[in-house]
Amino acid sequence: MTGRRVLFLGIFVSILLTYAIWIGGSIPASIIKLPDQGLNWYYWKLPQPTFWSRATAWGMYLGHQFSIWACILWAQRSQLKYKSALHPINYLMLAINGAFIALHFLQTYIWYDALAQDTSIWASQGAVVLLLVFVLILETPRRGLFFGNSVPFHQQFLQIIKLYHGYFFSFAAIYTFWYHPMEATSGHLIGFFYMFLLLLQSSLIFNRTHVNRWWTFSLEVTVLLHSVIVSWMLGQTKWPTFLFGFLGIMVLTQLHGLPLGIWTKRTIYGAFLVSVLAVYALTERGLGRIYEITYIPLIEFGLVGVIYLIFLLILWTISRLPVKT
């Protein structure tokens, strides 16, 4: 079976799985939660966790995580080549991810609690942010960082990111997947749908579909939908910050990895600017707060710089160590 066929089938299955969460949403929704305590509080967790709620969440997460890491390690050591047809390891990873998705359904409906009980909400969000940042670095040789312009990253830095990105990406996706119970709120539904797509992507390693530019572009911009929907769901008025922040990264960087003509790009630039001005002029945010759209690009591009500086510092430190003779 080709990766392309599995991709379309996987997207369809992801839609069905998201629908299944929505259908069964009355069960987790019936759990009594503690009152919301503000920005640092994650609402969807048990007031009084039990041994089994913790043991099942952490045990299943660790089983999921280490089994996928083992698959990535085996695939790398086997020196697999990219091809259109699936490798046996792809079938195995699809089966592993499918099995643990089913287990998460059962775990939510029987014990409810997930990793949110014992870890910070910022850890989950930070993992996804870093995933997006590593994608920016990984894709730099092909599309640059700013309007298609290349960035002179050290080659060893890019090689390290390429070699180990799969381990971090799978951690970010699987940890976030097990952080949340399978609630049927709008934010949870789009979030789990996004996680299903990321798990599908991880299952297609060393397949040409894994590096299809339209598919990877779609994965990058899906986070925009999730952030805007969650902002709306929480009754926040700062949804333009998320909308135009992530659209700004698309205009600056992601767009330039696609086979688009110059006039198509200019049309998108114009539509972006007009939309920003219209939304801020016509909503309570006001043009005086238009600077908010820079927050997300500054965070992501700033983290790219921080990560690279850490690499250069480590490289400089190693070069200063005495050489044994």
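**Reading loops, helices and a patch**

Tutor: Let's start with F147, which sits in the loop between α6 (140-143) and α7. Helices here are DSSP runs of H or I, at least four residues long, numbered from the N terminus. This is a predicted model, where local features need pLDDT of at least 70 and side-chain atom pairs pLDDT 80 or more, while totals for chains, interfaces and linings use all residues. Residues are numbered from 1 along each chain as its sequence is written, and side-chain values use heavy atoms, leaving out hydrogens and water.

Student: What is the phi of F147 near?

Tutor: Near 55 degrees, a positive value in a residue other than glycine. Y112 is another case, with phi near 70 degrees, and that residue lies in the loop between α4 (88-110) and α5 (121-138).

Student: Is Y112 buried or exposed?

Tutor: Buried means under 20% relative accessible area, exposed over 50%, and partly exposed in between (1.4 Å probe, protein chains only). Y112 has 2% relative accessibility, so it counts as buried. F147 has a relative accessible area of 44%, so F147 is partly exposed.

Student: How many Å should helix α7 span?

Tutor: The expected span is 1.5 Å times one less than the number of residues. For the 25 residues of α7 (residues 155-179) that gives 36 Å, and the end C-alpha atoms are 35 Å apart, which agrees. Even so, α7 has a kink of about 50 degrees centred on Y164. The bend is the angle between axes fitted to the seven residues ending at a residue and the seven starting there.

Student: And which residues of α11 are buried?

Tutor: K265, F272, V276, V279 and Y280. Seen down the axis of α11, these buried residues fall within an arc of 90 degrees, so they line one face of the helix. On the other side, W263, T267, V274 and L282 are exposed. As for length, α11 (residues 262-282) should span 30 Å with its 21 residues, and its end C-alpha atoms are 30 Å apart, which agrees.

Student: Which residues make the nonpolar surface patch?

Tutor: M1, L9, F12, V13, L16 and Y91 make a patch of about 580 Å². Patch residues have over 30% relative accessible area and no salt bridge, with nonpolar side chains joined within 5 Å (like charges within 9 Å). Helix α1 (residues 3-23) gives the most to the patch, with four residues. L9 is in α1, and its 47% relative accessibility means L9 counts as partly exposed.

Methods. Helix = DSSP H or I, 4+ residues; strand = E, 2+ residues; numbered from the N terminus. Areas by Shrake-Rupley, 256 points an atom, 1.4 Å probe, with all protein chains shown as cover. Salt bridge = Lys/Arg side-chain N within 4 Å of Asp/Glu carboxyl O. Arc of directions from axis to C-beta.
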